[in-house]
Amino acid sequence: MKEIRIRAADWRDKKVDSIYIGGGTPSLLSEWDIGKILDTIREEFNVTEDAEITIEVNPATVSDEKLIRYLRKGINRLSIGVQSFDNHVLNVLGRIHTKNDAFYCYQRAMKLGFKNINIDIMFGIPQQNMKMWKDTVRQAIFLRPTHISLYSLQVEEGTEMFKKVYVDELLELPAEETDREMYHTALRMMRTAGYEHYEISNGALPGYSSRHNMKYWSYDEYLGLGLGASSFAGGVRFKNCESMYEYVQAIKEGVAPIDTASVEKYTLREEMGIFAFTGLRKAEGIDFKRFEEVFGMDFFDVYDIELVNKYKGKLLYKQDRLFLSEDGMDISNKIMAEFI
Amino acid sequence: MKDYKKYIRNFSIIAHIDHGKSTLADRIIEKTGLVSEREMREQFLDNMDLERERGITIKLQTTRLVFKSQDGNEYIFNLIDTPGHVDFTYEVSRSLAACEGAVLVVDATQGVEAQTLANVYLAMNEDLEITPVLNKIDLPSARPDEIKQEIEDVIGVDAQDAPLVSAKEGIGIEELLEKIVTEIPAPEGDENDKLKALIFDSYYDNYKGVVIYTRIFDGTVKKGDMIQLMNTGKKYEVTEVGVYSPGPVETKSLRAGEVGYICASIKQVADARVGDTITIADDPTDEPLPGYKKVQPMVYCGIYPAEGEKYENVKDALEKLQVNDAAFHFEPETSTALGFGFRCGFLGLLHMEIIVERLEREFDLAVVTTSPSVIYKVVLTDGTVEMVQNPSNLPEQTLIDHIEEPMVKADIMVPKEYVGNIMEICQDRRGRMIHMEYITENRVNLHYDMPLNEVIYDFFDALKSKTRGYGSLDYEFTRYEPSKVVKLDILLNKDMVDAFSMIVHESKAYSRGRFVCSKLKEIIPMHQFEVPIQASIGQKVIARETVRAYRKDVIAKCYGGDISRKKKLLEKQKEGKKRMRQFGTVEVPQEAFTAVLKYDDNK
């Protein structure tokens, strides 16, 4: 709460049209605390009437009381970390919830009045086969949430999963072919069901793409609050400190808890690269007009149109924008790296 | 002063790598008081960094020392160093020709090695007096009596009185020096006769031009003399003569029996060839010294600037190296895969490695080298002969009557327990055993007739690995022999990459093709499409592997909008790409070129 007050100073004259409460498991916090956080934000910032306000919830830690309180406080979007509708896969992932928790959570949320719900599902998980994945996608679509996010499991160093896969070799990741097939199958199934694939890993019913998600990829400013949160404001990118001690110290002194080592002021050319690669995350791609507005230069004065030939059928060009085809998304990093 | 020659001893030290030649030379220099211990750098004679690191001597260093003998006289010792590797046999033979005797260093724990033997034979060819000495006598595993017997049996010189020394500990050095005085003959020759002097080494000095190391056999040479190099026919005016002790010291003249240097404004070492005879231009000696030959490169490979490296810089560096190395040749060539570069000729594989390493270290250049090749004699159907050293230049199959490949006589010396392993690797490389002899109860000398082509790839690595480092090799070109060799091409995504082409024997084509394909499969990163790797002879594909298409490219959440992190990841991905070469549509990491040449233990 204190941080909100400290940080708000620079944002007084800016409009806030998206608030996202996530990272970790905010549904563990009491609903009253969540409420207070939102009240403070509204006091300190210029939050628009129609702002998209999302909270991430874990199916096992949410309750009717919480959901009701969220609604009362103006939270209008729920993101449920389902991951899978297969108990075995959930177990492999080390999740505490079950398939039934996930169904129940979704149904309660609908019943209590949430209109805009996202379901996170994950593929490329050890011991997850094609059938299990298709079942998960089918069930997600069956619930008909407004938004579905699909992610390929990333095994990060230092995690329990990393140890199991790479050190002890107890688990084996699915073949990359399988992983890609899972991705494309899911997209196909979602498309048939009416979901628009508007961003590499997100699909939504028309009119329900996530404003929050699009901010990152549309070169918009955002403010991250809390431990280790990232921000982009005034042309500078930075993160809050990761250490709880430093964080608390800074707050006590009434200063912004920014990790000074993380502050990145990129050159114009680097920012162009960021504009381009983030743009490619979106189905609509890089908007040349917007590029010119931001940087005052023509996109093809900076980048070589030859890239379109180099990645034929993967990187597509259409009048006012450059975007990835579905095949291109498979190698998004490789293509994105070209713009750095 | 008439009998000054009586007090000169010209000698070399011959030894196998690691048997302590350089350390012994250091001790001798130290004992003769030339350099104080404080000034003494470890291993005085090896002064190139690379030589120090590898423990081998590549360029010669010659030093004049003064030794006060127990007989009351002062002697001048000219210690003529010899290069210590199989690639430099000719240079060794010329250095030895400048001497009257040789100190043969044998490791008292290891005994006689193939290369020691090769050098001893060279010394014997020059009629040198051989003085054996046993080194590393301080080690508990030293077996002096056994090794003495071995020397007598194998080499046929009396070794019973051989000094027992430890160069490292400085034991027995004095005794050795006295031995040199009594056993090695003083030089002969007449200082008033017509000038006859041998060039046994040369190097390029930025100020003086080429500095010739010479041994005067007859006559006298001094500043101002007009000299002629008899084999090349070129004439020069002498600008300076002197001796090395250890730095250059100018003297009035060099006389018969002496060893020293001559400067004569010569532009590059290729003009003052090792083995050539120096005489006075208008009063020449009747005939040159025997044994001269123009050294010919035996192994060729392409050297190309690596990605981002300038062609001009590589060219300048190669020119600088050539000025100092008469055995190294290069000429421009182009490769469709690698662009503009150079075809370079070397004495052998080690010589090649040394040049490449010097380019990298001394000139800080990044280069790509292609598969080394020997020179093939291609006899065409119309009867003409072409010498081909670049696989890409091989004429069309239909025009070729037959191809001949260079053969070498390889002497391999190993402890007897490894004989089976050696036979295996030699057979595998088309070697024919000529004979095999037991030098001692435990050591065997195997003589093989082998194609040079098989020796240059990975033979040395295989030999070392299969004999736990105990095997030693010496080889010598013998002749050209008709052979069924074919050109093996490598295709990446259906495009031939000429830099990978090689000429191999028909019988090896399949295994070689498979090996290269599987190596490349390991090294070439995934692309956004499948990359077939094929090995082919003409139109016929004989091996194939496929690099699977790039799939997982991590579709992940960008947690909390940490875009800096994402940017760094992408930068890393891009950085990795820079070290690749683009061939048509396929990117190949530079290391691929060397990796396909490496000996594979698991093969």
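Student: In β3(A), which residue is the bridge partner of Glu56(A)?

Tutor: This is a predicted model. Strands β2(A) and β3(A), the latter spanning residues 77-83, pair in the parallel sense over four bridges. Glu56(A) has its bridge partner in β3(A), and that partner is Ser79(A).

Student: How many bridges join β1 of chain A to β2 of chain A?

Tutor: Strand β1(A) covers residues 15-21, and β2(A) covers residues 46-57. Ser18(A) is bridged to Glu52(A) in β2(A). The two strands run parallel, and the bridges joining them number six.

Student: What is the handedness of the β-α-β crossover from β1(A) to β2(A)?

Tutor: From β1(A), the chain passes through helix α2(A), residues 31-44, before reaching β2(A). With the strands pointing away from the viewer, a clockwise path over the helix counts as right-handed. This crossover is right-handed.

Student: Which strands are the edges of the seven-stranded open sheet in chain A?

Tutor: The strand order is β1-β2-β3-β4-β5-β7-β6, with mixed pairing. An edge strand here pairs on one side only. The edges are β1(A) and β6(A), residues 196-199.

Student: By how many degrees are neighbouring strands of that sheet turned against each other on average?

Tutor: The sheet is open and has seven strands. Direction is ignored for this angle. The average is 20°.

Student: At about what angle does helix α8(A) run to β5(A)?

Tutor: Helix α8(A) spans residues 176-192. It lies across β4, β5, β6 and β7 of chain A. Its angle to β5(A), residues 147-152, is about 170°.

Student: Which residue stands opposite Asn240(A) in β10(A)?

Tutor: Strands β8, β9 and β10 of chain A form an open sheet in that order, with antiparallel pairing. Strand β9(A), residues 236-240, pairs with β10(A) over three bridges. Opposite Asn240(A) stands Ile258(A).

Student: Which helix gives the largest share of the largest nonpolar core?

Tutor: That core has 84 residues. Among the members that touch the most others are Tyr70(A), Leu78(A) and Phe299(A). The largest share is six residues, and the helix is α6(A), residues 130-143.

Student: How many residues are in the second, separate core?

Tutor: Its members include Leu318(B), Leu321(B), Leu380(B) and Ile422(B). The count for this core is 51 residues.

Student: Leaving aside neighbours within four places in sequence, which residues is Leu78(A) in contact with?

Tutor: Leu78(A) belongs to the largest nonpolar core. Its contacts include Asn116(A), Asn118(A) and Thr54(A). The others are Ile55(A), Val57(A), Leu67(A), Tyr70(A), Ala109(A), Phe114(A) and Ile117(A).

How values were computed:
Residues are numbered from 1 along each chain as its sequence is written. Chains are lettered from A and ligands numbered from 1 in the order in which they are written. This is a predicted model: local features need pLDDT of at least 70, side-chain atom pairs count only at pLDDT 80 or more; totals for chains, interfaces and linings use all residues. Side-chain values use heavy atoms; hydrogens and water are left out. Two strands pair if DSSP finds at least two bridges between them. A nonpolar core is a set of buried Ala, Val, Leu, Ile, Met, Phe, Trp, Tyr and Cys residues joined through side-chain atoms within 4.5 Å. Buried means under 20% relative accessible area, exposed over 50%, partly exposed in between (1.4 Å probe, protein chains only). Contact means heavy atoms within 4.5 Å. Axes are lines fitted to C-alpha atoms, for helices over the stretch in contact, and angles run from 0 to 180 degrees between N-to-C directions.
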